[in-house]
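Hi,

Here is the structure I promised to pass on. Have a look at it first, and then read my notes below.

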Amino acid sequence: MTVQVTDHRGGVWSIAVPIPDNPLGHTLVHLLETDRGPVLIDTGWDDPTAWDTLVAGVTACGFALADLHGVLLTHHHPDHHGLSGKVREATGAWLAMHAADTAVVRRTRQAPPGQWLEYLLAKLTAAGAPQEHLAPLLEARAAGRGRRAPGRGAALPDRDIAPGELLDLPGRRVRAIWTPGHTPGHVCLHLEEEHPAAGSAGGGVGFGRLFSGDHLLPGITPHIGLYEDPEEATVTDPLGDYLDSLERIGRLAPAEVLPAHQHAFSDAPGRVRELIAHHEERLSGLRALLREPLTAWQLAESMEWNRPWAQIPYASRTIAVSEAEAHVRRLVKLGRAEPVPGSDPTRYVAV
């Protein structure tokens, strides 16, 4: 087995843990050495090959799996949280996550049979999804399939990661920064220590290193969709949350960013400016489309993606519609658009 491990110096390594059948390729699981033993930041997808890679990667970093004593989870998505239960079972390590994402995991585990499918059908219908997209879900409901929400096997964390908290990691200074947007409880972790390459080009300009999860990636715009409780009526604004979080990270200006995908990079403020400009451009483009009333599905069909709409797979279309609705909600909150009263499915128009 070939294991891709990078020594970032100063007791920090990354292990490329594969994600099956996913264009992202892998999750960069980071290992941080502490005076109490190594801690993982994220774990990777729950898959036999991913598990074998993670175990081999820990060994390649110079540790035994049993040395692990904790796992810090940037967020609840399966390519980050998936193997956390196996790590805890194999090592006894504690798991820590922000309470908002722990609530998502708990809600998923406790959901009544069929609730997730009913919720998805209701959301897609309200968004104007065509019958051909709803048909497989309706067939699954009629056949009694889809009665268990995905990810019900995810491990519940033992500890909360509190915003602003200096984590209990002896010998290290790691501060939690709450960065909602990609998920409601996403956190970045700021290693408040001088960069090992300080003073050289490799250290960048700024202080410390940032484990950014999916919040800040060098060449990918993270997915910003909807996150809500099927039993909660509150209308969320995940894109607004994300943009606010980006600005906080831009002001932090770490010397280097260690993301969960792609590669480490410097100039976090520059990347933040690019992402904010990208979303502002997308919001302006959507507002122009809304000169005539459109549903969230119609907006998604008209938005620019990494491939033509006709080539986007079925499941990815559902994700795309969620992102379109997150953007139109932002326009509504900014007073640039509004829902058309009485429209069913819901249509939006620029104001």
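Seven strands make up an open sheet, ordered β1-β2-β3-β4-β5-β6-β7, with mixed pairing. The edges are taken by β1 (5–7) and β7 (159–160); each has a single partner strand, so one side of each has no neighbour in the sheet. Keep in mind throughout that this is a predicted model.

Inside that sheet, β3 (residues 26–32) and β4 (residues 39–41) pair in the antiparallel sense, with three bridges between them. If you want a spot to click on, Leu31 has Leu40 in β4 as its bridge partner.

There is more strand pairing further along the chain, around β14 (residues 347–350). On one hand, β14 pairs with β12 (residues 294–295), antiparallel and over two bridges; Leu294 has Tyr348 of β14 as its bridge partner. On the other, β14 runs antiparallel to β13 (residues 337–339), and three bridges join them. Here Ala337 is partnered by Ala350 in β14.

Now the helix I spent some time on, α7 (residues 238–252). Its 15 residues reach 21 Å from the first C-alpha to the last, close to the 21 Å expected at 1.5 Å a residue. Right after α7 comes Ala253, with a positive phi near 50°.

Which residues of α7 are buried? They are Pro238, Leu239, Gly240, Tyr242, Leu243, Ser245, Leu246, Ile249 and Gly250. An α-helix has 3.6 residues a turn, so residues three or four places apart point the same way. The buried residues of α7 pack against three strands and two helices: β8 (174–178), β9 (187–191), β10 (209–213), α8 (268–289) and α10 (314–333).

That leads to the cores. Nonpolar side chains tend to be buried together in soluble globular proteins. In this model the largest nonpolar core has 42 residues, and those with the most contacts inside it are Leu124, Leu216, Leu246, Leu290, Leu299, Trp309 and Val321. At least two residues of this core come from each of α5 (115–126), α6 (131–142), α7, α8, α9 (296–302) and α10. Leu246, one of the buried residues of α7, touches His215, Leu216, Val272, Leu275 and Ile276, leaving aside residues up to four places away in sequence.

A second core, separate from that one, has 24 residues, including Val29, Ala50, Leu65 and Leu68.

Shout if anything looks odd on your screen.

Cheers

Methods
Residues are numbered from 1 along each chain as its sequence is written. This is a predicted model: local features need pLDDT of at least 70, side-chain atom pairs count only at pLDDT 80 or more; totals for chains, interfaces and linings use all residues. Side-chain values use heavy atoms; hydrogens and water are left out. Two strands pair if DSSP finds at least two bridges between them. Helices (H or I, at least four residues) and strands (E, at least two) are DSSP runs, numbered from the N terminus. The expected span of a helix is 1.5 Å times one less than its number of residues. Buried means under 20% relative accessible area, exposed over 50%, partly exposed in between (1.4 Å probe, protein chains only). Contact means heavy atoms within 4.5 Å. A nonpolar core is a set of buried Ala, Val, Leu, Ile, Met, Phe, Trp, Tyr and Cys residues joined through side-chain atoms within 4.5 Å.
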